[in-house]
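Subject: Structure handover

Hello,

Here is the structure I said I would pass on. My notes on what I found follow below it.

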Amino acid sequence: MACENDPPTPFASSPFGMGPMRLRRSPALRRLVRQTNLLPRHLVQPLFVVEDATLAGPIDGLRDQRRLTVDQAVEAGVRAQRLGLGGVLLFGVPANKTPHPETSGDFLLKAIARLRAEVPELLLITDVCLCPYTEHGHCCVYGGDGSPDLEATRRAYGRLAVEQAGAGAQMVAPSGMIDGTVGAVRGALDAAGMVHMPIMAYSVKHASGLYGPFRGAANSTPGFGDRRWHQMDPANAREALAEIELDLAQGADIVMVKPAVHALDVIASARRDFPRATIAAYHVSGEFSMLSAAAERRWVDWPTALHETLYAIRRAGADIVITYGAIDWASRPEPEQNCSGTT
Ligand SMILES: [Zn+2]
């Protein structure tokens, strides 16, 4: 039985029993009390540049995404800049494969240089990995005994990073998640006098079934085996914090978690445990494809579903969201929440 000293229930003053709903009654009220923000500057758009122009064209499974010639990459960069995006993340798709990648290729260095020159305000981040270049499609080089040669792999990452930074990249992103590569890239950059060049590390990359459309786009599907020997078991979350700690100690300026939507718990834990770190999250190709495939069938509403997904990643604690939907999202007015298209 209620007594005089009990605190009032939240609904006690309203004859209609209204409580938190009062602050949801109009777009202006909802805007006022919104607790997370998402702006174009938080988003990074991946771009794929091909060496062989005949391979340019739509990417299977990735709505509105194309493999680009150098000219088209510059056009996409101009668009990203006009929309105020945080930046673009550039992946090279070479025409030829090799067991021991020595270079990112003239085509990619040219794309970097042209983006730098023609869209100077756009932040240009470049991917540093070996899988698009190796004939076996793995993120490492193999030694004569058939096992990964980690030292040679680290040297190759360092070489590619220095080359890309020299061409005009403003941030390099070693993505192989192979032990020691972040430190190797930091060391190579510093030795080349590029002490100012920031590194975004793929610190937590779960071995995932959600990378398929990306691998098709980057032509980087492993020819044998899988990547579970260097990427993280999706069952693990505490290990992710150890990976982040290691990468920060090796000189990472930004740490990344992926796949973002499937690791919102990891993003939230990282935000809590590394409050001063800048955290990026990659909304990966399979996550993007699932949404767009459902939207094509009219099972979900595309703009609101994309909007909600990107907010979820931000809400979990990511400072930066890398998504194939960056240009799309920034091109539309924000869908008003709690109206048509939502439940
Ligand atoms: Zn790779």
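I start with one strand, then work outwards. Please keep in mind throughout that this is a predicted model.

Strand E1 and its partners

In E1, Leu 43, Gln 45, Leu 47 and Val 49 face one way, while Val 44, Pro 46, Phe 48 and Val 50 face the other, and all of them are buried. In a regular strand, side chains alternate between the two faces of the sheet. Strand E1 covers residues 43-50, and eight of its eight residues are buried.

Which strands does E1 pair with? Seven bridges join E1 to strand E4 (residues 87-93), and the two run parallel. Within that pairing, Leu 47 has Leu 90 in E4 as its bridge partner. Strand E3 (residues 66-68) is joined to E1 by two bridges, also in parallel, with Val 49 standing opposite Leu 68. Another two bridges link E1 to strand E10 (residues 320-323), again parallel. There, Leu 43 has Val 321 as its bridge partner, and Val 44 stands opposite Ile 322.

Strand E10

E10 is buried on both faces: Ile 320 and Ile 322 point one way, Val 321 and Thr 323 the other, and all are buried. Besides E1, E10 pairs with E9 through four bridges, and these strands run parallel. The bridge partner of Ala 281 in E10 is Val 321, the residue that also partners Leu 43 of E1.

Just before E10 in my notes comes Ala 318, which sits in the loop between H10 and E10. Is Ala 318 buried or exposed? Ala 318 has 26 other C-beta atoms within 10 Å, so it counts as buried. Leaving out residues up to four places away in sequence, Ala 318 touches Ala 260, Ile 267, Ile 279, Ala 280, Ala 281 and Ile 313. One of these, Ala 260, is 58 residues away along the chain, yet the two C-alpha atoms are separated by 9.0 Å.

Helix H8

Helix H8 (residues 264-273) has four buried residues to look at: Val 266, Ile 267, Ser 269 and Ala 270. They lie on the same side of H8, because they cover an arc of only 165° around the axis. Asp 265 and Arg 272 are exposed on the other side of H8. What do the buried residues of H8 pack against? They pack against strand E7 (200-205), helix H7 (238-249), strand E8 (254-258), strand E9 (278-283) and helix H10 (302-316).

The nonpolar core

The largest nonpolar core contains 98 residues, and those with the most contacts inside it are Val 49, Val 257, Ala 260, Ile 267 and Ala 281. Helix H4 (residues 150-167) gives the largest share of this core, with seven residues. Some of these names have come up already: Val 49 belongs to the buried residues of E1, and Ile 267 to those of H8. Val 257 touches Val 204, Ala 240, Ala 263, Val 266, Ile 267, Ala 270, Ile 279 and Ala 281, again not counting residues up to four places away in sequence.

A buried aspartate

Asp 247 lies in helix H7. Asp 247 counts as buried because it has 27 C-beta neighbours inside 10 Å. Its contacts, not counting residues up to four places away in sequence, are Val 182, Ala 201, Ser 203, Ala 252 and Val 255. Pro 174 is 73 residues from Asp 247 along the chain, and their C-alpha atoms are separated by 11 Å.

The chain as a whole

The protein chain has 11 helices and 10 strands. Of its 343 residues, 45% count as buried. Among contacts between residues at least 6 apart in sequence, 76% join residues at least 24 apart. The C-alpha atoms fill a box of roughly 80 × 40 × 40 Å along the principal axes. The radius of gyration is 22 Å, which agrees with the value near 20 Å for a compact globule of 343 residues.

Confidence

The chain averages a pLDDT of 92, and 93% of the residues score at least 70. Over residues 337-343 the pLDDT is below 50, and this stretch has eight contacts in the model beyond near neighbours in sequence.

Regards

Conventions:
Residues are numbered from 1 along each chain as its sequence is written. A residue is buried if 20 or more other C-beta atoms lie within 10 Å of its own, exposed if 12 or fewer, and partly exposed in between; C-beta atoms are placed from the backbone. The arc is that of the directions from the helix axis to the C-beta atoms. Two residues are in contact if their C-beta atoms, placed from the backbone, lie within 7 Å. Two strands pair if DSSP finds at least two bridges between them. A nonpolar core is a set of buried Ala, Val, Leu, Ile, Met, Phe, Trp, Tyr and Cys residues joined through C-beta atoms within 7 Å. pLDDT is the predictor's confidence in each residue, from 0 to 100. The radius of gyration is taken over C-alpha atoms; the globule rule is 2.2 Å times the number of residues to the power 0.38.
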